[in-house]
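The exercises below ask for careful reading of a single chain, with each task followed by a solution in steps. Please look over the coordinates before turning to the solutions.

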Amino acid sequence: LLPSNEKCHEHYTTEFLYNLYSSEGKGIFDCRINVLGHLQQGGAPTPFDRNYGTKLGVKAVLWMSEKLQQVYSKGRVFANSGDTACVIGLRKKVVAFSPVTELKKVTDFEHRLPQEQWWLNLRLMLKMLANYQISLTEYISGQMEHVTRRTLSIEKGF
């Protein structure tokens with residue numbers, strides 16, 4: 001891992017450093033270029049992205065206004081409870097505000113990931129769908145249940 005900045009020197013660009021380490025590595029290690037800013041941007045935002053961003057922004061400003069009214073007293077703001085510092089995001093298909101103190105409990109800071117990642121349970125199924133040589137018994141740890149419902153339930157998250 002070599003963090004760099006394109007503005008640090010006119011000659012030491014990302015491509016130059018990649019070429020330098022690739023040639024000096026002599027097959028002992030390999031190199032890849034990974035510009036985080038490019039990965040995070042994801043290209044031009046779609047109308048959906050703009051609309052969703054606007055909705056989240058409005059919800060965040062309304063939440064902050066409400067919180068400020070709750071914690072304002074005698075010309076001072078007393079924002080010393082855990083629910084005054086929150087992150088807005090999706091939680092089980094619902095836009096929710098999660099207190100930072102709660103997120104701290106479920107975050108792996110060393111790897112910058114959640115401690116439990118729900119989608120990891122889908123990896124074996126994805127391998128099966130990609131025609132890997134894997135059996136269904138390796139994927140299902142419990143008993144299979146036959147679904148007879150014809151409609152999906154919003155309350156249960158399906």
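**Exercise 1. Is W63 buried or exposed, and what is its relative accessible area?**

Solution. The model is a predicted one, and the value is computed from its atoms. Step one is to take the relative accessible area of W63, which is 17%. Step two is to compare this value with the cut-off, where buried means under 20% relative accessible area. W63 is therefore buried.

**Exercise 2. Determine which aromatic residue is paired with W63, and describe the geometry and the placement of the pair.**

Solution. Start from the ring of W63, which forms a stacked aromatic pair with F97, at 5.0 Å centre to centre and with 15 degrees between the planes. Next, place the two residues: W63 lies in helix α3 and F97 in strand β4, so the pair ties together parts that are 34 residues apart in sequence. Finally, consider the exposure of the partner, for F97 has a relative accessible area of 26% and counts as partly exposed, whereas W63 is buried.

**Exercise 3. Find how many aromatic pairs the whole structure contains, and characterise the one formed by F48 and Y52.**

Solution. A search of the whole structure gives 3 aromatic pairs. One of them joins F48 and Y52, whose rings are stacked at 5.8 Å centre to centre, with 5 degrees between the planes. Both residues belong to helix α3, which covers residues 47-71, and they are 4 residues apart, or about one turn of the helix. As for exposure, F48 is exposed at a relative accessible area of 60%, while Y52, at 28%, counts as partly exposed.

**Exercise 4. Describe how strands β3 and β4 are joined, and then examine the surroundings of G89.**

Solution. Begin with the strands themselves: β3 (residues 86-91) and β4 (residues 94-99) run antiparallel and are joined by 6 bridges. Within this pairing, V87 has S98 in β4 as its bridge partner. The hairpin has 2 residues between the strands, and K92 takes a positive phi near 50 degrees there.

Turn now to G89, which lies in strand β3 and is partly exposed, with a relative accessible area of 22%. When neighbours within four places in sequence are set aside, G89 is in contact with V94, V95 and A96. The C-alpha atom of G89 is separated by 8.1 Å from that of L56, although the two residues are 33 residues apart along the chain.

**Exercise 5. Identify the side chains that meet in a salt bridge, and say which parts of the chain they link.**

Solution. The structure holds 1 salt bridge. The side chains of D83 and K67 meet in it, with an N to O distance of 2.8 Å. The pair links distant parts of the chain, since D83 sits in the loop between β2 (76-77) and β3, K67 sits in helix α3, and the two are 16 residues apart. Their exposure can then be read separately: D83 is partly exposed, with a relative accessible area of 35%, and K67, at 14%, counts as buried.

**Exercise 6. Which residues form a nonpolar patch on the surface, and where does F29 lie?**

Solution. The patch is formed by Y12, F16, L20, Y21, I28 and F29, which together have about 610 Å² of accessible area. Among them, F29 lies in the loop between α1 (14-25) and α2 (36-41). F29 is partly exposed, with a relative accessible area of 42%.

**Exercise 7. Summarise the chain as a whole in terms of its elements, burial, contacts and surface.**

Solution. Counting elements gives 6 helices and 6 strands, and along the sequence they follow the pattern α-α-α-β-β-β-β-α-β-β-α-α. Of the 158 residues in the chain, 8% are buried. Among the contacts with a separation of 6 or more, 15% are between residues 24 or more positions apart. The accessible surface of the chain comes to about 14900 Å², and carbon and sulfur atoms account for 57% of that surface.

Technical notes
Residues numbered from 1 in each chain as written. Predicted model: local features only at pLDDT ≥ 70, side-chain atom pairs only at ≥ 80, totals over all residues. Heavy atoms only, no water. Buried < 20%, exposed > 50% of the residue type's maximum accessible area, 1.4 Å probe, protein only. Contact = heavy atoms within 4.5 Å. Areas by Shrake-Rupley, 256 points an atom, 1.4 Å probe, with all protein chains shown as cover. Pairing = 2+ DSSP bridges. Phe/Tyr/Trp six-rings, centres within 6.5 Å; stacked < 30°, edge-to-face > 60°. Patch = residues over 30% accessible without salt bridge, like charges linked within 9 Å, V, L, I, M, F, W, Y side chains within 5 Å. Salt bridge = Lys/Arg side-chain N within 4 Å of Asp/Glu carboxyl O.
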